[in-house]
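Visitor: I am new here, and I would like a guided look around. Could you show me what we have?

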Amino acid sequence: MKRIISTAICSLLLFCSICIDCRAINISAQSAVVIDGNSSIVVYEKDAHTRRGMASTTKIMTALVAIENCPLDKTVKIADEAIGVEGSSIYLARGEQLTMEQLLYALLLQSANDAATAIAIEVGGSVDNFANMMNEKAKSLGLCNTNFTNPHGLYDDNHYTTAYDLAIITKNALQNSTFKKIVSTKKAVIPLNKDEGSRVLVNHNKLLSLYDGAIGVKTGFTKKCGRCLVSAAERDGTTIIAVTLNAPNDWKDHTVMLDTGFESIITHNLAEKGSLSYKVPVVGGDKDYITVSNSESMKYTCKKDGSQITSELILDRFLFAPVMTGETVGQVIFYNNGEEIGRLDLVTQDKVEQKIVKKKRFSFF
């Protein structure tokens with residue numbers, strides 16, 4: 001038999017008096033969006049679903065596809081097609097060898113188009129095949145306004161995305177620890193051809209030094225696409241992602257946009273692992289009680305204004321022995337304004353054996 005105990009363990013009515021009115025934000029970009037990096041809540045948008053060129057922010061998807069499909073320690077022999085690629089470059093030499101990880105640092109810090117081409121050929125066999133892999137990844141993320149024709153972002157009429165799609169790509173890329181580590185790195189050193197020295201790679205993203213909590217992500221520019229920028233920052237468990245396409249004043253835009261995100265979004269720490277702990281009576285056991293608790297933690301991100309978090313405990317009134325360690329015997333369900341937002345299982349933390357009752361012997365004379 002179950003008992004249901006309703007309890008508001010985290011009842012919060014939050015009214016954000018400092019939240020910026022998104023309609024009043026002055027953004028130079030043609031297209032822009034701010035989303036929460038956990039829930040994908042859109043905090044601000046400006047023409048966010050119009051297809052536009054993305055320049056070198058393309059390399060976010062290039063890196064993600066490469067990381068998911070190639071070992072980082074794999075040695076890559078630079079193909080002839082990667083030599084002398086137009087635009088940003090680390091001046092790869094014919095036949096030079098670097099690891100995939102080193103090429104990824106060149107791709108994301110120095111924005112090297114020759115590194116992008118070398119990566120594409122190594123992972124996809126050719127630039128065209130790799131572009132197909134990028135498009136398949138975009139489709140798997142549910143994106144229908146994005147198409148890639150190359151791994152570097154040099155202009156092509158059929159190479160496009162939207163501010164919103166690019167934000168979703170970035171959200172997924174940041175869930176990869178390798179990608180996140182690289183884009184948050186300010187400076188790295190990789191070898192120069194045949195032990196000739198070293199290449200010093202400097203991240204083009206100034207926000208890593210200028211904005212509190214910045215963790216990336218990627219700059220981009222071509223004459224036809226204009227200045228493109230994807231940024232992300234973390235504070236107190238909240239991740240905010242901002243994207244601008246064709247933004248003359250992108251550094252200022254992103255400072256305002258990231259501020260807006262942090263002023264509008266909050267992350268609730270609903271439960272740490274083991275923080276929900278209860279004692280349940282056990283019938284017929286060698287112990288009278290058993291402890292149950294949550295084996296996982298849970299966070300929830302939402303807009304600050306008007307959120308009301310409550311919870312409901314569903315737990316057996318008692319258990320019958322035997323009870324094994326790790327059995328799920330209940331749940332805590334969380335709600336925001338009455339809508340379910342998550343569940344945590346309550347599992348037994350030890351075991352209770354069945355109590356052995358000794359039978360009495362009777363003697364007859």
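Guide: Here is a short tour in questions and answers. This is a predicted model, in which local features need pLDDT of at least 70, side-chain atom pairs count only at pLDDT 80 or more, and totals for chains, interfaces and linings use all residues. Residues are numbered from 1 along each chain as its sequence is written, and side-chain values use heavy atoms, with hydrogens and water left out.

Visitor: In the open sheet of five strands, which strands stand at the edges?

Guide: Helices (H or I, at least four residues) and strands (E, at least two) are DSSP runs, numbered from the N terminus, and two strands pair if DSSP finds at least two bridges between them. The five strands of this open sheet follow the order 3-2-10-9-8, with antiparallel pairing. Each edge strand has a single partner, so one side of each is left without a neighbour in the sheet. The edges are strand 3 (42–46) and strand 8 (214–222).

Visitor: Which residue in strand 9 stands opposite G216?

Guide: Strand 8 and strand 9 (residues 226–235) are antiparallel partners, paired over eight bridges. Opposite G216 in strand 9 stands A232.

Visitor: Which residue takes a positive phi in the hairpin of strand 6 and strand 7?

Guide: Strand 6 (residues 187–192) pairs with strand 7 (residues 197–202) in the antiparallel sense, over six bridges. One bridge partnership is that of K187 with V202 in strand 7. Four residues lie between the strands of this hairpin, and the one with a positive phi, near 55°, is K194.

Visitor: At roughly what angle do the axes of helix 1 and helix 3 cross?

Guide: Axes are lines fitted to C-alpha atoms, for helices over the stretch in contact, and angles run from 0 to 180 degrees between N-to-C directions. Helix 1 (residues 59–69) and helix 3 (residues 113–124) have axes that come within 10 Å. Contact (heavy atoms within 4.5 Å) is made by K59, T62, A66 and N69 of helix 1 with N113, A116, I119 and V123 of helix 3. The axes cross at roughly 35°.

Visitor: Is S111 buried or exposed?

Guide: S111 sits in the loop between helix 2 (100–108) and helix 3. Leaving out residues up to four places away in sequence, S111 touches S56, K59, S88, A106, H204 and K218. Buried means under 20% relative accessible area, exposed over 50%, and partly exposed in between (1.4 Å probe, protein chains only). With a relative accessible area of 3%, S111 is buried.

Visitor: Which residues have the most contacts inside the largest nonpolar core?

Guide: A nonpolar core is a set of buried Ala, Val, Leu, Ile, Met, Phe, Trp, Tyr and Cys residues joined through side-chain atoms within 4.5 Å. The largest one has 61 residues. Apart from it lies another core, of 22 residues, including V280 and L319. In the largest core, the residues with the most contacts are L103, L104 and F179.

Visitor: How many residues of strand 15 are buried?

Guide: Strand 15 (residues 309–316) is largely enclosed by the rest of the structure. Seven bridges join strand 15 to the antiparallel strand 17 (residues 328–336), where V332 stands opposite L313. Of the eight residues in strand 15, the number buried is six.

Visitor: What distance separates the C-alpha atoms of T301 and G237?

Guide: T301 lies in strand 14 (residues 298–303) and is buried, with a relative accessible area of 7%. Along the chain, T301 and G237 are 64 residues apart. Their C-alpha atoms are separated by 9.0 Å.
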